[in-house]
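Trainee: Please take me through one small sheet in this model, strand by strand. After that, show me how the rest of the chain is put together around such parts.

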Amino acid sequence: MRELNITEKEAGQRLDKLLAKYLNRAPKSFLYKMLRKKNIVLNDKRASGNEKLAASDVIRLYLSEETIRSFREEPPAAPSHPDKRKKTALDVLYEDGQILLINKPAGMLSQKAKATDFSLVEYLTDYLMEKKEITRESLELFRPSVCNRLDRNTSGIVIAAKTLPAAQSMSLLLKDRRLYKEYLCVVPGEMHRPEHLTGYLVKDERNNRVSVFDSVRPNASFIQTEYIPQICGNGFTLLRVHLITGRSHQIRAHLASIGHPLVGDAKYGNAGINSRFRKEFGLDRQLLHSGRLVFPDMEGVCEGLSKKEFLAPPPGDFQNITGALFGVRAFFT
């Protein structure tokens, strides 16, 4: 017999979903059969599988160790950076028992693209392991996760959830577009008036590229982007961008579609301008930074974030370039 004790980290999910994680090689038919036969019980009572779990619930598996081993993989090993000398310390802007806000550097993946990657998720797991907030065993039932993703070469604030209820709360917040997200970017051309852009975005999954159109297209998503010019000079503009809809590559593609691609953007940008900035500043990425989050009135597990604003300064290369172009280092106010 094995006993699984539910904590607030795993609470909020259905019993059958948790069992599918724990006995990850077992077919669903086996899990439901064990529930019907009371070989798996919740709080010593028969369960159907659709029960929502709460902290302090107890699941008992009246199964042989041989059966359990045959239906599950070994617990995942603790993450380990391939070269600890190059491991970057997390820049944590805010932390409570549910949520972390992390200022992600450019060059770091938000999530793994392939098995050998060491992404922000692995950094997060490693960080919480070192703090002893999670264990190798607890990762079997819930893994800390990032709630909003930034492109690898975009820097700025990423929200990470320590618990399932926090992840669910953030998912709903982002889906309802109640989180105010603001970015800084540098584009060619001198722009003097604020604008509210709309359009229709179509993603090419095979090439990981998007296109923006003025009218509806098949499989297109409606997008909205606002920008406010901050300062112009030397044929460039520093923009403050309010991301309203938050689709993949939205800011990069939307600004490129109106003739103002981001400086340094290899996918949507101007090759000549990118080459100039690479030679003059060593820039090998797009100048885009997610630096401001403003949370609405929040209740429940994430009420600690209610009506709070968080700012993250752009990285040094970004500030050096704006200093050279405009005579000021980019920052949020």
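Mentor: Strand S1 and strand S3, residues 58-61, are paired in the antiparallel sense, with four bridges between them. One position to look up is Asn5, which stands opposite Val58 in S3. Keep in mind that the model is predicted. The sheet is an open one of three strands in the order S1-S3-S2, and its pairing is antiparallel. At the edges stand S1 (2-5) and S2 (40-42); each has a single partner strand, so one side of each is left without a neighbour in the sheet. On average, neighbouring strands here are turned by 15° against each other, with direction ignored. Helix H1, residues 15-22, packs on this sheet and touches S1, S2 and S3. The direction of H1 makes about 50° with that of S3.

Now the wider setting. The protein chain has eight helices and 14 strands. Its C-alpha trace spans about 75 × 50 × 40 Å along the principal axes. Of its 333 residues, 48% are buried. Among contacts with a separation of 6 or more, 65% are between residues 24 or more positions apart. The accessible surface comes to about 16,600 Å², and carbon and sulfur atoms hold 47% of that.

Other strands can be read in the way we read S1 and S3. In general, strands of a sheet pair through backbone hydrogen bonds, either parallel or antiparallel. Take strand S13, residues 288-294, where six of the seven residues are buried. S13 runs parallel to strand S7 (residues 155-161), and two bridges join them. In that pairing, Gly156 has Ser290 of S13 as its bridge partner. Strand S8, residues 180-188, runs antiparallel to S13 and is joined to S13 by six bridges. There the bridge partner of Lys181 is Leu293. Strand S14 (residues 309-311) is antiparallel to S13 as well, with three bridges. On S14, Glu309 is the bridge partner of Val294.

Strands S9 and S10 give a hairpin. Strand S9 (residues 195-204) pairs with S10 in the antiparallel sense, over five bridges. Four residues lie between the two strands, and Asn208 in the turn has a positive phi of about 50°. Across the hairpin, Lys203 stands opposite Val210 in S10. The side chains alternate along S10, residues 209-213. Val210 and Val212 point to one face and are buried, whereas Arg209, Ser211 and Phe213 point to the other and are not. Phe213 has a further neighbour to note: the charged end of Arg217 sits over the Phe213 ring, 4.0 Å from its centre. Elsewhere, Arg72 lies over the face of Tyr22, 4.2 Å from the ring centre.

Next come rings that face other rings. A search of the whole structure finds seven aromatic pairs. One of them joins Phe30 and Phe71: the ring centres are 4.4 Å apart and the planes stand at 40°, so the pair is tilted. Phe30 is in helix H2 (residues 28-36), and Phe71 is in the loop between helix H3 (65-70) and strand S4 (92-95), so this pair ties together parts that are 41 residues apart in sequence. Phe30 counts as buried, at 15% relative accessibility. In another pair, Phe118 and Tyr123 have ring centres 4.9 Å apart and planes at 80°, so that pair is edge-to-face. Both of these residues are under cover: Phe118 is buried with a relative accessible area of 16%, and Tyr123 is buried at 5% relative accessibility. Ring pairs also link Tyr94, Phe295 and Phe310 into a cluster.

Finish with a single residue. Ser145 is in strand S6, residues 145-146. Is it buried, partly exposed or exposed? At 22% relative accessibility, Ser145 counts as partly exposed, because buried requires a value under 20%. Not counting residues up to four places away in sequence, Ser145 touches Leu124, Ile159, Ala160, Ala161 and Ala167. Thr245 is 100 residues from Ser145 in sequence, and the two are 21 Å apart in space, C-alpha to C-alpha.

Note on methods: Residues numbered from 1 in each chain as written. Predicted model: local features only at pLDDT ≥ 70, side-chain atom pairs only at ≥ 80, totals over all residues. Heavy atoms only, no water. Buried < 20%, exposed > 50% of the residue type's maximum accessible area, 1.4 Å probe, protein only. Pairing = 2+ DSSP bridges. Phe/Tyr/Trp six-rings, centres within 6.5 Å; stacked < 30°, edge-to-face > 60°. Lys NZ or Arg CZ within 6 Å of the ring centre and 35° of its normal. Axes fitted to C-alpha atoms, helices over the stretch in contact; angles between N-to-C directions. Contact = heavy atoms within 4.5 Å. Areas by Shrake-Rupley, 256 points an atom, 1.4 Å probe, with all protein chains shown as cover.
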